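Open the model in your viewer and keep the selection panel at hand. Each stop below says what to select and what is there.

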Amino acid sequence: MNQFLTFVKKEFYHVFRDRKTLLLLFGMPIAQIILFGFALTNEIKNSNIVVCDYAKDAASQRIIEKLEASSSFDIEMTAMTPSQIEAAFQEGKAKLAIVIPANFNNDLLHFNKAQIQIIADASDPNLANTLTNYASNIIRGYQQELQQNASLTFRINSEVRMIYNPELKGATNFVPGVMALVLLLVCVLMTSVSIVKEKETGTMEVLLVSPFNPVLAIIAKTVPYFLLSIINLTLILILSVSFMDMPLNGSILLLYLASSLLIITALSLGLLISNSTSSQQEAMLISLMGMLVPTMMFTGFLFPLENMPWPLQAVANIVPSKWYYIVVKGIMIKGLGFSAVWRELLILSGMTCVLLFISFKKFKTRLA
Amino acid sequence: MRTLKYLLRKEFRQIFRNTTILRMIIAMPIIQLLVMPLAADFEIKNINIAVVDQDKSSYSRHLIDKIIASGYFKLTDYSDSYYNSFKQFEKDKADLIIEIPTRFEADLIRNNTNNLFVAVNAINGTKATVGSAYLNNIISDYNGEVRLKWNTPARFSATPTIEITSLNWFNPFLNYQFYMVPGILVVLVTMVGAYMCALNIVKEKEVGTIEQINVTPVRKVYFILGKLIPFWVIGMFVFSLGLFGVARLVYQIVPLGSLFTLYLFLSIYLIALLGIGLLISTYSSNQQQAMSVAFFFMMIFMLMSGLFTSVDSMPQWAKWIAACNPVTYFIDVVRLVILKGSAVSQIKTQFLVISGMAIFFNTWAILNYRKTT
Amino acid sequence: MNTEIVITTNKLTKKFGDFIATNEITFDVHKGEIFGFLGANGAGKTTAMRMLCGLSTPTSGTAKIAGHDIYTDTEKIKSNIGYMSQKFSLYEDLTVLENIEFFGGIYGLSDKEIRLKSESLIETLGMKSESKKLVGSLPLGWKQKLAFSVAILHQPSIVFLDEPTGGVDPVTRRQFWDLIYEASDSGITVFVTTHYMDEAEYCNRISMMVDGLIKALDTPANLKNQFKAASMDEVFFQLARGAKRKAD
C-alpha cells in the first residue's frame, strides 16, 4: 500500500509541475462552459436579411415593422435584382431576401390575394429553413391581423407548456454534454500519453523489472487524473449552476458516482490505447484526432441522435459519453433516481470491464 | 538554399518512414469525413409525440392523422391518461405530448371553441421551439380545414391571403451534407496540420536532435521552412483527398466556384495554421505540453468557427473571438466557394485576414525560436 | 605544440538567476590540442561548453572561438566547429548514409565531397554492411563513433565533445580515442568534457572545474606532480572533495 502511495505521489508531481498541461486540464472545461453557456447557441439570431420593398405601402411597412421586431433578423432595406441578391449571398452579406412586389396593399384590398417571395441562401439548409419559417410565420401573423376582422369561428386554442426547461435555456442541453466530453476526452488523452511516454523513454522497463507490481504502477498513473477530473466536474457544476441556472434536481451523490464511473471508463480506454501504441505521437493522434470529432457528434448534445442513420446510431452506442449524457440529464434536469438510470450505468460498467480485460491481456502477452 | 534541400530531404524521409503515423494522418480524416457528415444533421425530424386522446371522436382521429401525415412526427404512444404519457418524458421516449380533451368534437361544434393541451420536453430548447412550432402550424391548418367545412366557401376568398413563394438557392434539395462536408473537411485538415507540426518540432526538442541543428550554421529561417513545407504538402494532400475522394465520389459535392480560388486560400490558410503549430512548439518543451496547448486551442477554434453553430447568433464579445480564429475564415470561404461559387473579389476580406494571420504567426514563431538561448 | 590559440576566454560567466553555473572561467586552448574539460556532475562543464558552441549567451565575460566573438558572431562560430552532444545527436530513423549526407549538406559540402567523405568514413569505421541500416538499430559504441565522425566531417577547426563515451565498453572507448587522436593529428582541436578520469590521461592539457570555478589547468603529468597523486583520480578527489554541487 505504501508503495502504491509512493507511486501516486510521484505521478502527482509530474502532473502539477507541468503548467501547460494544467492549462488544458482546467482551462478547457472552463472555456467550454463559458463558450457553450454564453456564446454557442442553436438559436438563430441576428441573421442578415435583405428586404426588397417594391410596394412601399402601408401593408409592406407593417410587415417590415414586424420583421424588424424579431431578434432573428438584422434587416437591410435595399431593392435588389436577382443577380444582386445572388452576389449578396456569395459574399456572405445576406442569408435571406424577401421581395414584396409593387401594389402589394392594393392587391390585398381589392383581390384579397397578394404574393411575397422569400429567397433563401440554402447553402446552410437548416438556417434557410428556419429563417424561411420565421419569416413566413411573421407574414402569416400579419395575415391573421387582417383576418381579425373576419369572423373567427371554430377556434382551436392550444395551450403549450415547456417542461423541464421552461425558459428554453441552452445550458440544460449543453452542460451535461460538456461534462461528458471533457471528462471522457481529457482522461483518455492524458492517460494514454503519459503511460506511453514511460514506454518511449524507457522508464517503463525499469518499472517492469522492479519488485513492484507493474499493474499498481499503472493504476497509480491514473489516480491523479481521476482526482483532477472530479475537481473539474465540481468546477463545471459550480459554474453552470451559479451562472447559467443549470438545474440540479437529483441526488448529487448519484451524480458523482455516475461521473466517477465515466472517468474510470475513460481511464480504461486511455490504458487500452497506451497498450496499443508505441509513441506519444501515435497515442495523441488516436486520442485527439481520432476521438474529438466523433465524441462531439455521438454524445448526442450537438446533433440529435435519432436523426442519424441507424448504423451510426449503433456506433454511438459504443461511445461511453452517450450513456453518461443520458444519465446526467436524467439526474440533473429531471431529478430522477438510481432506478431510472441503472441500465445506462450498467452499460458503462460493462464497457469498463471489457476495456480493462483487453488491456490486461495485451499487457500480459507483452510480458510473456 | 542548399541547406533547405537537405533539410527537406531529411524531413520527408523521416515522415514517410513512419508508416503508422502516416497512415493515421491520412486514414483518420478520411474515415471521419466519410462518417461524420452522415451524423451531423440539425434538421428536426422524427419528433416523438405521445397522444392522449380522451375524446376518441372522428375529429380527434382526423387531427392525429394529420399530425402523423406531416412527416415531422413519430407517434410513440397512444393512451388516454396524461400521467402515463408523462412517463414517456422521463424515459426520453417522447418529445411532445398532446392531450385532446373529452368532448373535443362536441364542444367544438357546439361552442365554437376548444382547447388542446401540449406539453413539450424543453431540455433541448431548439427542438422544443421547432417541434411546438410545427405542431402549432398543423393545428392551425386543421383549424382552417374545420372552418372551411362549416362555413360556406365564398366566391372569392373572404379573407385576405398572402401567398408566400419560397425559393431555395444553391442547395434546392436542402441537402445538409452539402453544408457539413466542407466544414468538417476543414476541421480535419486543421487538426492534422497543427498537431503534427507542433509535435514534430517538440519531439526533436525532447530527443535532443534540435540541439544538433542549433549548433550548425543552418539559418533558423531555413530550419523553420524545412519544418513547414512537408506539413504544408501533407495538408494539401489530405484536403485534396477529402475534396475529390470523399466529397465528390461519396457525397457528389462538386465545387461551384473556382478550384484555383479554393486552393489559393488553402495554401495561405495552411501557412497560417502551421505557423500556429510552430508557435506552440517554441513555447513547449515536451510533447505532452505541446499537445495540451494544441488541444486547448483546437477545441476553441472548432467550437467558435461556425461549424456547428452560427457565428451570427453569438454575442459581440464572442464574435470578436471568432474573428481571431483562422478556422472561421476558412470554413466561411470553403462554403462560399464550393456551395455558392464565390469569386476571389467577393472574399477579399477573408483573404486579407488570413494572409495577415499567416504573416503574424510565422513571424512571431521565427522571432521566438532561438538557436542561442 | 602549436601555439596558435583557437579558444580564448576571459572571466566567462553564466548565471541562472542567483545561481552561478560558471564563475569567471578563464583559459586558452591551442590549435590541435586535445583539451580535457573535467569536473564532477554539476560542476558547470556542459554550461561552459554550450556557451563556447554558441548555444547559450554568457551573462558576462568575453570569449573568442576560432577568432569569432561569442556574443556577436555565433553563427560564424557554428560554421567552424563540430559538436557531439551528450544526448544523442544523430537521427535514429535515418540510415547511416542519410545522416552523413544530411550533415555534410548542411555544413556546405558539395555533393562530390559528401560522396567521397562518406565512402572513406564508412570504410574507416568498418560499417560497409551497415551503411543502409537505420542508426537506431546500431549498437551504442558504433553510434558514438559515427556521431564523432559526422561531427568532424566538414573539417572544423574545433570539435566539442560532451561526455562522448558514456555507457560504452572499454575497448570501444579506446577505439574512440584513437579517432580523437587522428582528428587532433590532422589539426582539429578537440575540446572534450568527461568525468572518466582515466581519459584525462589521454589529453594534452586538462582543466578541472569544481562548483563553477576552474580549480586546475595544466598537463596531466604536471597536475599529478603538483598534487602528489599517482593518478588523475586522486587529483580529482583532492580537488573536488569540498565540492558543494553534485549533480547537473
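Select domain 2 and domain 3 of chain A: their centres, taken over C-alpha atoms, are separated by 47 Å. This is a predicted model. The domain assignment puts domain 2 at residues 47-163 and domain 3 at residues 171-362. It also gives chain A a domain 1, residues 2-39.

**Chains A and B**

Now show chains A and B together. Two pairs of chains are in contact, and the pair A and B shares the most contacts. Chain A brings 99 residues to this contact and chain B brings 101. On the side of chain A that touches chain B, 51 residues are nonpolar, 31 are polar and 17 are charged.

Next, select residues 113-121 of chain A, which form strand β4, and residues 161-169 of chain B, which form strand β5. These two strands pair in the parallel sense, over nine bridges. To find one of the bridges, pick A:Lys113; its partner in β5(B) is B:Thr161.

**Helices of chain B**

Stay with chain B and select helix α9 (residues 220-249) and helix α10 (residues 259-283). How far apart are the axes where these helices pack? The distance is 9 Å, and the angle is about 130 degrees. Angles over 115 degrees and up to 145 degrees fall in the oblique class, and α9(B) and α10(B) are therefore oblique to each other. The crossing of α9(B) past α10(B) is right-handed. Show side chains for the contact: on α9(B) they include B:Phe231, B:Trp232 and B:Phe239, and on α10(B) they include B:Leu266, B:Leu270 and B:Leu274. The contact residues comprise eleven nonpolar, one polar and one charged.

Keep α10(B) and add helix α13 of chain B, residues 326-340. Here the axes lie 11 Å apart and the angle is about 170 degrees. An angle over 145 degrees counts as roughly antiparallel, so this is the description that fits α10(B) and α13(B). Among the contact residues are B:Phe265 and B:Tyr269 of α10(B), and B:Phe330 and B:Val333 of α13(B). By class, nine residues of this contact are nonpolar, one is polar and none is charged.

**Chain C and its neighbours**

Bring in chain C, which has 22 residues in contact with 19 residues of chain B. Two elements of chain C, α2 (74-80) and α3 (96-106), each give two or more residues to that side. The side of chain C that touches chain B has nine nonpolar, eight polar and five charged residues. Chain A and chain C are not joined by any contact; their closest C-alpha atoms are 13 Å apart.

**The sheet of chain C**

Hide the other chains and look for the open sheet of six strands in chain C, ordered β6-β7-β8-β3-β9-β10 with mixed pairing. Which strands stand at the edges? They are β6 (81-84) and β10 (213-218); each has a single partner strand, so one side of each has no neighbour in the sheet. From one strand to the next, the twist averages 15 degrees.

Zoom in on β9 (residues 205-210) and β10(C), an antiparallel pair joined by five bridges. One place to look is C:Ser207, whose bridge partner in β10(C) is C:Leu217.

Finish with two helices. Helix α5 of chain C (residues 140-151) packs on the sheet and touches β6 and β7, its direction making about 165 degrees with that of β6(C). Helix α9 of chain C (residues 232-240) lies across β3, β9 and β10, at about 30 degrees to β9(C).

Technical notes: Residues numbered from 1 in each chain as written. Chains lettered and ligands numbered in written order. Predicted model: local features only at pLDDT ≥ 70, side-chain atom pairs only at ≥ 80, totals over all residues. Axes fitted to C-alpha atoms, helices over the stretch in contact; angles between N-to-C directions. Helix = DSSP H or I, 4+ residues; strand = E, 2+ residues; numbered from the N terminus. Parallel < 35°, antiparallel > 145°, perpendicular 65-115°, else oblique. Left-handed = near helix turned anticlockwise from the far one by under 90°. Contact = placed C-beta atoms within 7 Å. Nonpolar A, V, L, I, M, F, W, Y, C, P; charged D, E, K, R; others polar. Domains from an automatic or database assignment. Pairing = 2+ DSSP bridges.
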